[in-house]
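Here's a quick walk through how the pieces of this model touch each other. Have the viewer open as you read.

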Amino acid sequence: MPEFQLLGHRPTRQGFGEGLVVLGERYDNVVVLGGDITESVMTSFFRDRFPDRFFSIGVAEQNATTIAVGLALSGKIPFFASYGTFCAFRNADQLRISVCYNNVNVKIGGGHAGISVGPDGATHQALEDIAIIRSLPNMTLVVPCDYMETKKATIAIGEIWGPAYVRFGRANVPWFTTEETPFRLGRAEVFRDGSDVAIIACGAMVWQALLAADMLAKRGIRARVINNHTIKPMDIETIVTAARECGAVVTAEEHQIHGGMGSAVAEVLAKNCPVPIELVGVRDTFGGSGDPEELMEKFGLTWKEIYTAALIAMERRDKGSAGVRRVTDPYRTH
Amino acid sequence: MKAENLRIVFSPTVYENRRRHPEEFVEIAREIRRDIIKMLVLAGSGHSGGPLGTADIHAVLFFGGYLRYRPKDPWWSGRDRYVLSAGHLCPVLYSTLARAGFFPIEELRTLRKYGSRLQGHPGRDMGLPGIETSTASLGQGISIAVGMALSDKWLDKNDRRVFALTGDGELQEGSVWEAAMAAAHYRLDNLCWIVDNNDCQIDGRVHDVMSIYPLDKKFEAFGFTVLHCDGHNYAELMACFDQFLENHRRGIGKPTAIIAHTKMGRGVSFMEDDYRWHGKPPTPEQALRALQELEDPYIAVVETTET
């Protein structure tokens, strides 16, 4: 079981930018399309290193997505990156028909995901992209947990065949995995063992899940923390095993509760191992401007909500649905 | 009458792709039009007007030596590529591909049927030889063609060419103009963009539904070389394609747009220039009339035993 310590703070977008350069060195058919925010999503690293394989498309996400399809149909491995609000929404029809129905080797980097985008506010905070992307047949969706894992995930989706989307953020967030930390596309990693409650998280919420597990341990509760980075295709075995052995599940993500990673886990468990599940995420509302950490607090995306949710899930397991009301959760709306 | 009451026979003729005298396209285009009517009456649904209106364009492009392809080696790496951005016109493409020898002509009978490689709109997942990409969400195919041309000109630096056909109603999609911008920005002289300008769309005349005009000035402003032709005049179509090939050979650094002035439903008197034929198939009675007008040698009414 890997032990984690904080190595520092870095934005996950940096991992994406560095991963693209590694891919560019390994494969001469990797090309990158820019959507005018190349510095911001750090495709500028690739642009500066491989200028002949970088094409600026301008502020035209629909066109960039379908131009990528034309490149893929010509034997290239095109990456198009923008903010998730623009490269999972503005181009949703292009993703559906030309990328996924066509089943071509197009890779999308969805930046500025989650509430931690901060001062740019609600328009730029992608909180529904997981729901859209995971509904598309043939698509692979990865939400890595920190800078290093984003770099690995970016390389990984470049090395598999087919449509894929990697989701990353803007803010400096805890960096805690290393080159040695296990990562394999499609396999959820148990980051901390335990059998009292399972906390299944993705993205920056994995670190918060580890913090919550520390706090739960002080009460003698051993929480299993799972880094569920590949949301599609999901590692059903690891998820179901955790549910069976713990009997209570919490999911945590920087995304709407509706349609997100937690919903995907609930879909899996409803069929395979129905146990009480508590979902931590954004509760059917838009974000707003503020400092990233302040927003994570305001919108209920910290270890505290995971901690509370774990207690609720365990109580529901132990006492049935009658136990639910006994734990107070000010954000509880469902 | 039902479709079963018609004797529907597809001729076995396959055509070569070579330089031809304009008169030679008359029979080829008529054969394609017959196929379209037969496919649609058997399917019982689909689009009639656009496919009939672009039969002449497809005949010249595929059988006049302009598009380079190998029907027995459909994914040959040196081929030129053709993207039917207006995917709903696919009956004309299916017929053309079958007549070029990409797949058995008899397969035309399966249009829109469950499990057929001839999907209601082109789907690459079915693996039909000659279908380069799935299309039909309007506007997307032309951007895909731009991506292909970009790859050929700036990455692989080869002499392949990309032809794409959009409708005119399709030009109301905003992303089409994103594609136009990019094609000119990257100086894609290997891209030939054909506009099927019949001024018809489902709701009516294009100039009534939402005007796209002036079309030539728009393309010129975006940085294209613009050519006009009567989309049913073989000599004019050939002149346009010859000019595009010359533009490409000379490396003029500009994409070419061919505005082909066409009539929806061309070749069938009661369909011609009538937008109501955009999205419906002929009834068996109408198919009979159409095939008689198109001088189909096989068509006849047959008795079927009703149960």
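## Ground rules

Angles under 35 degrees count as roughly parallel, over 145 as roughly antiparallel, 65 to 115 as roughly perpendicular, and the rest as oblique. This is a predicted model, so local features need pLDDT of at least 70 and side-chain atom pairs count only at pLDDT 80 or more, while totals for chains, interfaces and linings use all residues. Residues are numbered from 1 along each chain as its sequence is written, with chains lettered from A and ligands numbered from 1 in the order in which they are written.

## Where A meets B

The contact takes 22 residues from each of chain A and chain B (contact: C-beta atoms, placed from the backbone, within 7 Å). On A's side, H3 (61–72) and H5 (92–101) are the elements giving two or more residues, and H3(A) brings the largest share, 8 residues. Helices here are DSSP runs of H or I, at least four residues, and strands are E runs of at least two, numbered from the N terminus.

## The helix crossing

The axes of H3(A) and H6(B), residues 175–185, come within 8 Å and cross at roughly 65°; axes are lines fitted to C-alpha atoms, for helices over the stretch in contact, with angles from 0 to 180 degrees between N-to-C directions. The two helices are therefore roughly perpendicular. A:Gln62, A:Asn63 and A:Ile67 meet B:Ser175, B:Glu178, B:Ala179 and B:Ala182 there.

## Inside chain A

Chain A splits into domain 1 (10–175) and domain 2 (189–326), with bounds from an automatic or database domain assignment. Their C-alpha centres lie 26 Å apart, and the contact takes 28 residues from domain 1 and 30 from domain 2.

Methods
Two residues are in contact if their C-beta atoms, placed from the backbone, lie within 7 Å.
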